[in-house]
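Subject: Structure handover

Hello,

Here is the structure I said I would pass on. Please open it next to this message, since the notes below go through it part by part.

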There are 2 protein chains.
Amino acid sequence: MIKEHRAKKSRGSWVESANVEGCDFPIENLPFGKYYLTADVSKAGRIGIAIGDQILDLISLASCIDTPSEFESTFALLVQGDMNTWMATPDSIQMQFRSWITHLLEKENTLHKQLASALLPQASVVMLLPCKVGDYTDFYSGIHHATNVGKMLRPDAPLSPNYHWLPVGYHGRSSSLIPSGLPVIRPRGQTRASDGKPPYFQASRRLDYELELGVLIAKGNQLGTPISITQAEEYFFGMCILNDWSARDMQAWEAAPLGPFLAKSFATSISPWIITKAALAPFRTALQRSDPKQATLPYLDCVNNQASGAIQIYLEVLLQTKEMQTAGLAPYLLTQSEYSGAAYWTIAQLIAHHTSNGCNVMAGDLFGTGTLSGPTPESAGSLLELSQGGKAPISLPSGQTRTFLEDGDTVIMNAFCAHENAVRIGFGQCINTVVASH
Amino acid sequence: MIKEHRAKKSRGSWVESANVEGCDFPIENLPFGKYYLTADVSKAGRIGIAIGDQILDLISLASCIDTPSEFESTFALLVQGDMNTWMATPDSIQMQFRSWITHLLEKENTLHKQLASALLPQASVVMLLPCKVGDYTDFYSGIHHATNVGKMLRPDAPLSPNYHWLPVGYHGRSSSLIPSGLPVIRPRGQTRASDGKPPYFQASRRLDYELELGVLIAKGNQLGTPISITQAEEYFFGMCILNDWSARDMQAWEAAPLGPFLAKSFATSISPWIITKAALAPFRTALQRSDPKQATLPYLDCVNNQASGAIQIYLEVLLQTKEMQTAGLAPYLLTQSEYSGAAYWTIAQLIAHHTSNGCNVMAGDLFGTGTLSGPTPESAGSLLELSQGGKAPISLPSGQTRTFLEDGDTVIMNAFCAHENAVRIGFGQCINTVVASH
């Protein structure tokens with residue numbers, strides 16, 4: 001279990017809910033999100049900043065206060081709902097904007113009565129995907145997960161020979177990215193019972209989640225021009241939680257020889273608030289590997305990346321079945337894990353590798369980190385690992401058991417950053433419920 | 001070699017170049033493309049229809065003639081440059097539009113002097129990607145290619161057990177899609193000389209093309225709602241040539257266990273004119289498989305698909321080196337192949353399978369068919385196959401040899417449809433030249 005973290009006290013905001021201990025969105029966080037008002041039949045997307053249990057709605061803010069001239073045009077992008085172009089604005093402008101928003105929301109601000117008209121309760125909106133994702137790439141940088149899964153298939157050599165040399169990854173499907181809150185419809189597909197027998201087509205019986213983080217790209221590079229490891233952090237905008245939903249029975253049958261396809265493309269869900277690079281800065285940490293003598297090729301190596309390329313982020317997965325909900329039982333904690341101890345490659349390394357062949361990324365592109373299982377069996381980030389491939393059912397407080405997900409099951413993923421020299425910030429949640437195939 | 005095809009004579013157009021025998025764009029074709037005028041510094045994209053060596057420019061057309069009221073609003077989409085929304089308009093409107101354009105361009109049209117002001121020479125424009133591609137999926141439906149490549153890796157079982165049961169495919173990278181005409185920059189990446197030795201990072205030494213066709217999707221389905229095999233043709237908009245550029249040395253090292261990634265994502269090029277479903281209709285043919293007793297699962301099977309799901313399209317690849325160009329030598333014909341005899345799965349089967357898990361496609365999405373090698377060694381669709389994995393160099397008329405592509409090499413792909421009961425139509429070309437890594 002993750003031990004309770006002492007954290008620095010927030011500087012405080014006049015939005016009182018932001019000052020509550022353990023709140024995901026204190027004034028030190030200020031994540032961006034996109035949503036529509038539940039009352040708005042046009043469902044027009046608006047951009048806002050989460051603070052406590054409220055949202056600082058930027059359309060409303062624009063109408064109640066003058067924008068400082070130095071970022072008038074870039075603020076206009078946010079007001080117009082254009083997150084992607086905003087993400088690509090220079091870091092210096094983003095930092096100025098962050099300072100301004102911090103100033104507006106801080107406890108001491110005398111304009112707070114006027115500014116309060118720009119707040120919306122988070123409960124009054126429906127969250128959307130935060131930006132337009134052009135391409136989505138899923139990496140495999142969680143070394144404990146790769147080892148656990150590899151052992152099931154190749155006990156003697158769980159990791160492929162390239163694993164310690166490059167961030168393994170594959171292109172994912174971007175059309176089926178969904179925000180937290182939407183149902184996940186159980187996919188149907190081909191699977192095969194045992195070798196030699198013909199496959200059949202049915203609803204997946206081995207539906208699983210994968211605990212990942214999402215990385216959002218700030219801006220694009222020119223096709224043909226790699227991003228160097230020393231520049232890669234400039235291309236990193238922020239993070240979210242990512243659930244890489246997986247149909248294990250379909251995956252086992254379809255994946256040879258070109259990798260995962262329909263076993264993944266039915267849904268990938270993300271938490272809707274983008275936690276920015278600036279908010280994550282206090283939680284930077286050194287790259288930690290269990291094999292420090294392993295060589296790294298120069299294009300993936302630099303001093304800054306070694307010193308502070310990783311980020312300490314605590315993760316957890318909870319499960320609530322329909323029966324647990326009916327019985328009034330709280331969600332059951334399945335897993336706790338931590339990002340910097342789970343990921344073999346840093347974000348800068350993912351960016352440098354992805355573009356090393358000249359491939360271009362674009363503002364709003366999404367990378368999945370890969371499943372972030374911890375080093376111990378109980379900290380595994382998927383049911384495939386927790387149930388040992390379906391052989392060891394997990395007991396739930398309702399008396400039910402699970403090897404894989406059943407219809408009506410709700411998967412809840414949380415993430416937060418905390419240590420004694422910084423104010424705790426959270427990612428919000430990624431929550432989706434499995435519903436039956438049509 | 002593909003034998004000369006007798007073809008029906010075109011009904012003819014007042015655009016004289018469209019009536020030349022062997023022309024790719026007679027009045028029976030009418031493909032859509034997007035481009036900007038070389039003289040236009042803003043490079044604003046315009047949509048037009050290829051006819052002979054000209055383009056019927058739809059912005060100019062709108063200003064010189066009244067649009068019939070029944071498709072005024074959909075024609076406006078084309079004039080505005082919104083190809084994707086146009087692609088999603090109902091087939092019935094598209095057929096009416098096609099009839100109108102045919103009427104405008106036919107020999108007998110008395111308005112041709114007025115209409116001539118809407119023509120642009122193809123030589124006066126720079127072609128762009130024809131539409132916005134949200135997601136790009138590359139299939140592996142060329143059974144001879146899959147067999148040839150499989151034999152190099154697994155001589156006893158070249159095809160994976162799933163090959164005859166489902167269309168194998170993987171998600172591709174859409175950001176690096178480029179139109180014919182742009183250079184392809186040789187990618188750099190990791191590769192390994194021999195087992196056990198550490199990998200190194202260098203410019204690819206085994207750069208290859210893959211001869212494919214691209215399939216463009218007409219409209220989207222709801223996430224969670226599969227497209228049935230009987231409805232799949234409604235979601236098919238048209239086709240183009242596709243060159244799936246591949247770095248074989250990088251691919252061999254990176255692809256385990258999740259499939260191709262950077263070995264492909266540096267560039268995928270397509271021919272810029274979309275040949276519509278209507279233009280391809282005369283070339284429909286029965287699904288031809290060498291293993292007719294192989295069972296097909298019901299979600300991939302229907303009478304129409306068996307009867308006319310395939311399309312007869314002739315393909316060829318030519319190579320021209322810099323030295324050949326200097327010496328005034330014509331491009332050298334490397335390969336001739338044919339689509340319906342090469343592809344194990346039809347377009348309708350690709351669409352039905354891709355969405356069978358509930359995955360949503362969108363207007364403008366692109367599918368690659370997979371490499372369309374013919375059944376004989378000399379009809380192979382890649383250098384990997386033609387040079388037997390680099391062991392059998394190919395002799396060129398310049399006295400040079402090739403196993404894989406060198407800097408300065410130009411790869412030219414052609415495609416056309418022809419038989420004695422229809423007018424020959426062509427796809428135009430997909431031409432790209434390899435340039436050195438930066």
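In which helix of chain A is Asn305(A) found? Asn305(A) lies in helix α9 (residues 303-308) of chain A; helices are DSSP runs of H or I with at least four residues, strands are runs of E with at least two, and both are numbered from the N terminus.

Before the rest, some ground rules. This is a predicted model, in which local features need pLDDT of at least 70 and side-chain atom pairs count only at pLDDT 80 or more, while totals for chains, interfaces and linings use all residues. Residues are numbered from 1 along each chain as its sequence is written, chains are lettered from A and ligands numbered from 1 in the order in which they are written, and side-chain values use heavy atoms, with hydrogens and water left out.

Asn305(A) and helix α12

Asn305(A) counts as buried because its relative accessibility is 3%; buried means under 20% relative accessible area, exposed over 50%, and partly exposed in between (1.4 Å probe, protein chains only). Contact means heavy atoms within 4.5 Å. Apart from neighbours within four places in sequence, Asn305(A) is in contact with residues including Ala348(A) and Gln349(A). Ala348(A) and Gln349(A) are among the buried residues of α12(A). Nine of the nine residues of helix α12 (residues 347-355) of chain A are buried, so this helix is largely enclosed by the rest of the structure.

The two chains

Helix α12 is also one of the elements that give two or more residues to the side of chain A that touches chain B, if we start from the contacts here: 59 residues of chain A are in contact with 59 residues of chain B. About 5,300 Å² is buried between chain A and chain B, with 63% of it on carbon and sulfur atoms; buried area is the accessible area (1.4 Å probe) that two parts lose on being put together, summed over both. The rule finds four salt bridges across this interface, a salt bridge being a side-chain nitrogen of Lys or Arg within 4 Å of a carboxyl oxygen of Asp or Glu. Arg173(B) forms a salt bridge with Asp365(A), where the closest N and O atoms are 2.7 Å apart. Among the elements of chain A that give two or more residues to the side touching chain B are α7 (248-254) and α12.

The two domains

An automatic or database domain assignment sets the domain bounds, and for chain A these are domain 1 (16-127) and domain 2 (136-435). Their centres, taken over C-alpha atoms, are 29 Å apart. Asp91(A) forms a salt bridge with Lys277(A), with 3.0 Å between the closest N and O atoms.

Regards
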